[in-house]
Amino acid sequence: MNSLERLADLVQRWTGIDLARGGRSDSLERLVTARMKELGLASAEVYVDSLTSAAHPEVGRLINAVTVNHSWFFRDAEQLGVIAEMLRDGRIAPSGERVDIWVPGCAAGEDVYSLAMLTRQAGRTAHVLGTDINSEVISLASRGHYGEWSARELPSELRHNLMRAADGFEVAAPLRSQVAFERHNLIDPAPNPPGTIGWHVVLCRNVLIYFTREKIHAAIESMGRALRRDGRLLLGATEILQTVPRDLRVERVGQRFVLRRANPGEPAAPEARSPPIKPPQPRPSFPEPTLPTLAAPRHVQSGIAAMISLGNSRLEAGETSEALALYAKALEMDPLNAEARFFTGVAYHISQDPSSAAQSLRGALVLDPELWPASFYLALSYDKLGRTADAKREYRRVFEAEGRALALQSRSALLADLTAFRKDVVRIARARAGK
Ligand SMILES: C[S@@+](CC[C@H](N)C(=O)[O-])C[C@H]1O[C@@H](n2cnc3c(N)ncnc32)[C@H](O)[C@@H]1O
């Protein structure tokens, strides 16, 4: 194992984050190179050897550099609607009780304030705790100051909660009194609400997509234990459980799955299978929580296509790391999925990493030699790597495939464009192949 691999391994052990999944391995490398220079160290080996425990101050710096922290207000309005519905019908926090909500992996706090707005709108008192392993985003969250772009999806009737400031918005004081922020690592024991035990709601979205499989399971168990009886755990639409912990029950609310903490003596859930794969909305025909299993490949396949489509929308929004994490999840479910490998290659190409792009695209072509867009991107990557002869060979494959149809499952504006402008793509390929 070289020193970077050793470091990635430590990060994984300390945080649960699989850097390869988030496409952050290069951030790690950049950080180590910069820190070696600043600290006057002779080698990466010395740097890694100096990190003796997770509590070492340098580890905090490292984690701040490798975590992916995008978020915005009302990022998942459907999910917030599910919480509002459960509050309205008294399934969680009967009226009169303070609503206790924990948001692990809250990034700069947008979900925390969104939930405070929602509970306030419902006339409820709330305590919303946002935690994150990244100390920089926790400082930002505590400041409560955001740019215009963060509020792009905030419903107009909730805008009054943000006050205009010099370069964006500030969260209004009444909301601030309902929230708190702390640095916390999701793989450590969970916090409790002030003066009581157990949360009504834990909302953890787009955090576990970066975790290794066994840390996902441990984190879900820990968040489940942190709920009070009948409390609800909500994950992201694409976050998949391999097994449902014994104390949790899967429940469907509208188009979403939530996990409910079981009451003592409540019959156990059916033996854990492969569970809530949330398809993109709207998908009314999605099966009830008899949960898709590997024995039901059609559902799994549609879950994979849904996940790739979500990755594609992240990619098109410029969120390459999140897209990569989603494609990695799809590949974990089906390592032979050519489409997921193709889009992984495109994401690496966009992130200016032509050698990783070429590796994924070659994999896609081994699995589906007809996938001419993969040849096109592979040719572009080879061009960047200075491998002209290889690039020409791939350009040739593109125009030789002219007329052949593509059979793809996911939605992608990028592929739609490539197909619509196929004549132009073929013309470029011919020119570059020297034909
Ligand atoms: C992509 S953001 C998601 C933000 C928000 N939940 C959302 O869906 O918009 C992922 C966040 O998880 C945090 N995170 C990653 N690993 C963590 C861990 N082990 N403990 C706590 N937070 C973690 C990252 O620092 C990052 O801010």
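How many aromatic pairs does the structure hold? The model is predicted, and it contains nine such pairs.

One aromatic pair joins Phe 73 and Tyr 146. Its geometry is edge-to-face. The ring centres are 4.9 Å apart, and the planes meet at 80 degrees. Phe 73 belongs to the loop between α5 (57-66) and α6 (77-88), whereas Tyr 146 is part of strand β3 (residues 145-146), so the pair ties together parts that are 73 residues apart in sequence. Phe 73 and Tyr 146 are both buried.

A further pair is formed by Phe 342 and Tyr 377. The distance between the ring centres is 6.0 Å. The planes stand at 70 degrees, so this pair is edge-to-face, the class for angles over 60 degrees. Phe 342 sits in helix α13 (residues 338-350) and Tyr 377 in helix α15 (residues 372-384), so the contact ties together parts that are 35 residues apart in sequence. Phe 342 has a relative accessibility of 0% and therefore counts as buried, the limit being under 20%. Tyr 377 is buried as well, because its relative accessible area is 11%. Phe 342 and Tyr 377 also belong to a cluster linked by ring pairs. The other members of that cluster are Tyr 327, Phe 343, Phe 376 and Tyr 395.

Charged groups also sit over aromatic rings. The charged end of Arg 152 is placed over the ring of Trp 72, at 4.2 Å from the ring centre. In a second case, Arg 430 has its charged end over the ring of Phe 399. Here the distance to the ring centre is 4.5 Å.

The ligand is surrounded by 22 residues. Those that come nearest are Ser 71, Arg 75, Asp 132, Leu 186 and Arg 205. Asp 132 places a side-chain N or O atom 2.6 Å from an oxygen atom of the ligand. Ile 133 approaches through its backbone: an N or O atom there is 3.3 Å from a ligand nitrogen atom. Asn 206 contributes a polar side-chain atom, which lies 3.1 Å from an oxygen atom of the ligand. On its own, the ligand has 600 Å² of accessible area, and the protein covers 99% of it.

Asn 206 has a further feature in its backbone. Its phi is near 60 degrees, a positive value in a residue other than glycine. Asn 206 is located in the loop between β7 (199-204) and α10 (213-225). With a relative accessible area of 11%, Asn 206 is buried. Asp 230 likewise has a positive phi, about 75 degrees, although it is not a glycine. Asp 230 lies within strand β8 (residues 227-235). Its relative accessible area is 29%, so Asp 230 is partly exposed.

Two further asparagines are buried. Asn 64 is part of helix α5. It counts as buried because its relative accessibility is 13%. Beyond residues up to four places away in sequence, Asn 64 touches Ile 133, Asn 134, Ser 135 and Glu 136. Among these contacts, Ile 133 also has a backbone atom by the ligand, at 3.3 Å from a nitrogen atom. Asn 161 occupies the loop between β3 and β4 (162-165). With a relative accessible area of 4%, Asn 161 is buried. Setting aside residues up to four places away in sequence, Asn 161 touches Met 117, Arg 120, Glu 170, Val 171, Ala 172 and Leu 175.

Glu 266 lies in the loop between β10 (256-261) and α11 (297-316). It is partly exposed, as its relative accessible area is 23%. When neighbours within four places in sequence are left aside, Glu 266 is in contact with two arginines, Arg 249 and Arg 260. With Arg 260, the contact includes a polar one between the side chains, at 2.7 Å. The C-alpha atoms of Glu 266 and Asp 247 are separated by 9.1 Å, and these residues are 19 apart along the chain.

Methods: Residues numbered from 1 in each chain as written. Heavy atoms only, no water. Phe/Tyr/Trp six-rings, centres within 6.5 Å; stacked < 30°, edge-to-face > 60°. Helix = DSSP H or I, 4+ residues; strand = E, 2+ residues; numbered from the N terminus. Buried < 20%, exposed > 50% of the residue type's maximum accessible area, 1.4 Å probe, protein only. Lys NZ or Arg CZ within 6 Å of the ring centre and 35° of its normal. Near = heavy atom within 4 Å. Polar contact = N/O pair within 3.5 Å; in protein donor to acceptor, adjacent residues only side chain to side chain. Areas by Shrake-Rupley, 256 points an atom, 1.4 Å probe, with all protein chains shown as cover. Contact = heavy atoms within 4.5 Å.
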